[in-house]
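Here is a friendly walk through two ligand sites and the helix packing beside them. Please have the structure open as you read.

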Amino acid sequence: MGGKYTPVMRTTVAIIGAGPAGLLLARLLDAAGVDSVVLESRDRAYVERRQRAGILEQGTADALRAAGAGGRMDREGLPHAGIELRFARRRHRVDFPSLTGGRSVLVYAQTEVCKDLIALRLSGGGPLLFGAEALAVEDAETHRPRVRYRHEGREGVVECAYVAGCDGFWGVSRRAVPPALVQTYERTYPFAWLGVLADVPPSHDELVYARHDRGFALLSQRTPTVSRLYLQVPEGTDAADWSHGDIWDELERRTGTDDGWRLRRGPITAASVTPMRSYVHEPMRHGRLFLTGDAAHIVPPTGAKGLNLAVGDVVTLARALVAHHATGDPAGLDAYSATCLRRVWQAERFSYAMTAMLHRHPDATPFDDRLQLAQLDRIATTRSAEADLAEAYTGFPLD
Ligand code: FAD
Ligand code: DHB
């Protein structure tokens, strides 16, 4: 849009939120010739820098390619054919292709996915307004829902045929659903992740998920010269409580092995703490309002499912919206919530199981410790258990 706009905009789909869900939906609608308006409360620099996910399932990467957003991802993304589990100073590699019939994942940061989708939208797609905060979704039960928003100090309205609530866990979309029609399911965890970025090449060529009596640690990566690292810390921890030296010492303790492997240290350039939560809001549809991604469900990050679920929702929704808009066929929209929720609950199950297997609960007893080690040992020695992990990690089908 130019600098001026009227307080009332009319479009087919009002999209609230320019995270991966809203941006990909906008792109898929642009490609199908369905017009949309994207409202994003934050500015572009913030959206493009917010450090979050790093692992794309094969289905997610395929969806981005099909949307025309795979060029840089395929040049710069790092294909990974496995992960390493560490426990009791041992290491066990899980080989994805041999366990899943050829599937693997791609390391390509969410920041980069968002940059690519923003560039596509701004070079010829419909409007994408940064600094535009949705205030409320109204009349979602009717054929003409509305989104009230504030942009540059003025209030405006988007009148539309459908609303996509892609505004993450803290957004406003969910509030438009009457509480009597909603069932929510939630679990919080008494720990969090301290995540850091460091200017140092990864210490291992694949991701390392480590279970230790002092807590979980994850060695991930962003590029051949930038590492992304996580430590389990108590809920409520402030990132400033940890000196950089203490972070490296703790990562080394929790990921150490007896075979001479060394952790590479380097300058830490960013540190933040992420709380852990499991949450599902059912149903994911209310009238003409469709919730997607973190607006409808949250998984704890162990297992890397959040972004991938958001993409799954949006692929399902885009197909259904395009069909309904073109032919009036309601089947896809009617099936939207149930189709997504099956996939969501599989991801909830897996993310919970990975979290429980790898994190130290503050009330854990020696018995609990032994159960975790027995579970890891089973994965390391039993092909069916290992294949179960590999299949879930590399992804659930998008339909
Ligand atoms: P969001 O990314 O939260 O986007 C929502 C957007 O809506 C935001 O831009 C927000 O500013 C905007 N918004 C909010 N309210 C309003 C409003 N009122 N009006 C307008 N705009 C609004 N997932 C993975 O798949 N793999 C991983 O490896 C992984 N690792 C993670 C690591 C960490 C540390 C964290 C925190 C998350 C991780 N995730 C991972 C989860 C993943 O980042 C999220 O699931 C993903 O961002 C969801 O995308 P979304 O578009 O649904 O929501
Ligand atoms: C990353 C995040 C995760 O939650 C995960 O399981 C693997 C990798 C990451 O940010 O790189």
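## Ligand sites and helix packing

In ligand 2, an oxygen atom sits 2.6 Å from a polar side-chain atom of Ser220. This is a predicted model, in which local features need pLDDT of at least 70, side-chain atom pairs count only at pLDDT 80 or more, and totals for chains, interfaces and linings use all residues. Residues are numbered from 1 along each chain as its sequence is written, chains are lettered from A and ligands numbered from 1 in the order in which they are written, and side-chain values use heavy atoms, leaving out hydrogens and water.

The table lists polar contacts of both ligands (pairs of N or O atoms within 3.5 Å).

| Ligand atom | Protein partner | Distance |
|---|---|---|
| Ligand 2, oxygen | Arg52, polar backbone atom | 3.3 Å |
| Ligand 2, oxygen | Ala304, backbone N or O | 3.4 Å |
| Ligand 1, oxygen | Arg52, side-chain N or O | 2.8 Å |
| Ligand 1, oxygen | Gly54, backbone N or O | 3.1 Å |
| Ligand 1, oxygen | Asn308, side-chain N or O | 3.1 Å |

For ligand 1, the protein covers 90% of the 1,000 Å² of accessible area that the ligand has on its own (Shrake-Rupley method, 1.4 Å probe). Its shell holds 34 residues (a heavy atom within 4 Å), the closest being Glu40, Arg50, Gln110, Asp294 and Leu307. Helix 8 gives the most to this shell, with 4 residues (helices are DSSP runs of H or I, at least four residues; strands are runs of E, at least two).

Around ligand 2 there are 15 residues, of which Tyr209, Ser220, Arg222, Tyr230 and Pro301 come nearest. Strand 16 gives the most to that shell, with 3 residues.

Now to the helices. Two packed helices are described by the angle between their axes and the distance between the axes. Helix 8 (residues 306-327) and helix 9 (residues 331-358) have axes that come within 9 Å and cross at roughly 170° (lines fitted to C-alpha atoms over the stretch in contact, with angles from 0 to 180 degrees between N-to-C directions). That makes helix 8 roughly antiparallel to helix 9 (an angle over 145 degrees). Their contact (heavy atoms within 4.5 Å) includes Leu309 and Thr316 of helix 8 and Tyr336 and Arg343 of helix 9.

What does helix 9 meet in helix 10? Ala356, Met357 and Leu358 of helix 9 meet Gln372, Gln375, Leu376 and Ile379 of helix 10. The axes of helix 9 and helix 10 (residues 366-381) come within 8 Å and cross at roughly 115°.

Definitions and conventions. Angles under 35 degrees count as roughly parallel, over 145 as roughly antiparallel, 65 to 115 as roughly perpendicular and the rest as oblique. A polar contact is a pair of N or O atoms within 3.5 Å; within protein, one must be able to donate a hydrogen and the other to accept it, and residues adjacent in sequence count only if both atoms are side-chain atoms.
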